[in-house]
Amino acid sequence: MAVTTTLLLLLPHLGWGEGERARVGAQTVGNLEIAVYIWRPQEIVHPKGIGHPEPKGGATHHLDIRVYDLRRAIYIPYLNVKATITDQTTKREFTVELNPMIGEWLHYGANITLPHPGRYAILVT
């Protein structure tokens, strides 16, 4: 099953999202709720021997995607999740693969670099 959702993120000023996690949007597709959170870059601990380089120039934010099955009341594991982020001013875009993570809940995430305050569209696939 392939699920795609698009959200629009407004980054109002430099430094936004550097504090506590902020829920920037959610959409329900069938019985799945796909929620997007963004906050300051996070230290990511990887299994031994697996390397994941940080974004060039250093990360400015951490992107979390939570996929929750409303009918079964569980977070969905074992998905291949990608986010394509488009700067609505310059129309530049980049895609990042999101790794499974465990924190307060099972989610998919990555540290990302947003170059400036503005509007960004996030397409989750």
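Trainee: Before we look at strands S2 and S3, when do two strands count as paired?

Mentor: The rule looks at the bridges that DSSP finds between the two strands. They pair if there are at least two bridges.

Trainee: How many bridges join strand S2 to strand S3 in this model?

Mentor: The model is a predicted one. Strand S2 covers residues 22-29 and strand S3 covers residues 32-39, and the two run antiparallel. Across them, alanine 22 stands opposite isoleucine 38. The number of bridges joining S2 to S3 is seven.

Trainee: Which residue in the turn between S2 and S3 has a positive phi?

Mentor: S2 and S3 form a hairpin, with two residues between them. The phi in question is about 65°, and the residue in the turn that has it is glycine 30.

Trainee: Is glutamate 33 buried or exposed?

Mentor: Glutamate 33 has its place in strand S3. Buried means a relative accessible area under 20%. The value for glutamate 33 is 16%, so it counts as buried.

Trainee: Which residue forms a salt bridge with glutamate 33 at 3.2 Å between the closest N and O atoms?

Mentor: The partner lies in strand S2, ten residues from glutamate 33. With a relative accessible area of 43%, this partner is partly exposed. It is arginine 23.

Trainee: How many residues apart in sequence are the parts tied together by arginine 66 and glutamate 33?

Mentor: Arginine 66 forms a salt bridge with glutamate 33, with 2.0 Å between the closest N and O atoms. Both residues are buried. Arginine 66 lies in strand S4 (residues 61-69) and glutamate 33 in strand S3, so the parts tied together are apart in sequence by 33 residues.

Trainee: Is arginine 72 buried or exposed?

Mentor: Arginine 72 forms a salt bridge with aspartate 69, the closest N and O atoms being 3.0 Å apart. Aspartate 69 is buried, at 5% relative accessibility. Exposed means over 50%. Arginine 72 has 54%, so it counts as exposed.

Trainee: With which side chain does the side chain of glutamate 93 make a polar contact?

Mentor: Glutamate 93 lies in strand S7, residues 93-102, and is exposed at 54% relative accessibility. Leaving aside neighbours within four places in sequence, glutamate 93 is in contact with Thr84, Ile85 and Thr86. The polar contact is at 3.4 Å, and its partner is the side chain of threonine 86.

Definitions and conventions
Residues are numbered from 1 along each chain as its sequence is written. This is a predicted model: local features need pLDDT of at least 70, side-chain atom pairs count only at pLDDT 80 or more; totals for chains, interfaces and linings use all residues. Side-chain values use heavy atoms; hydrogens and water are left out. Helices (H or I, at least four residues) and strands (E, at least two) are DSSP runs, numbered from the N terminus. Buried means under 20% relative accessible area, exposed over 50%, partly exposed in between (1.4 Å probe, protein chains only). Contact means heavy atoms within 4.5 Å. A polar contact is a pair of N or O atoms within 3.5 Å; within protein, one must be able to donate a hydrogen and the other to accept it, and residues adjacent in sequence count only if both atoms are side-chain atoms. A salt bridge is a side-chain nitrogen of Lys or Arg within 4 Å of a carboxyl oxygen of Asp or Glu.
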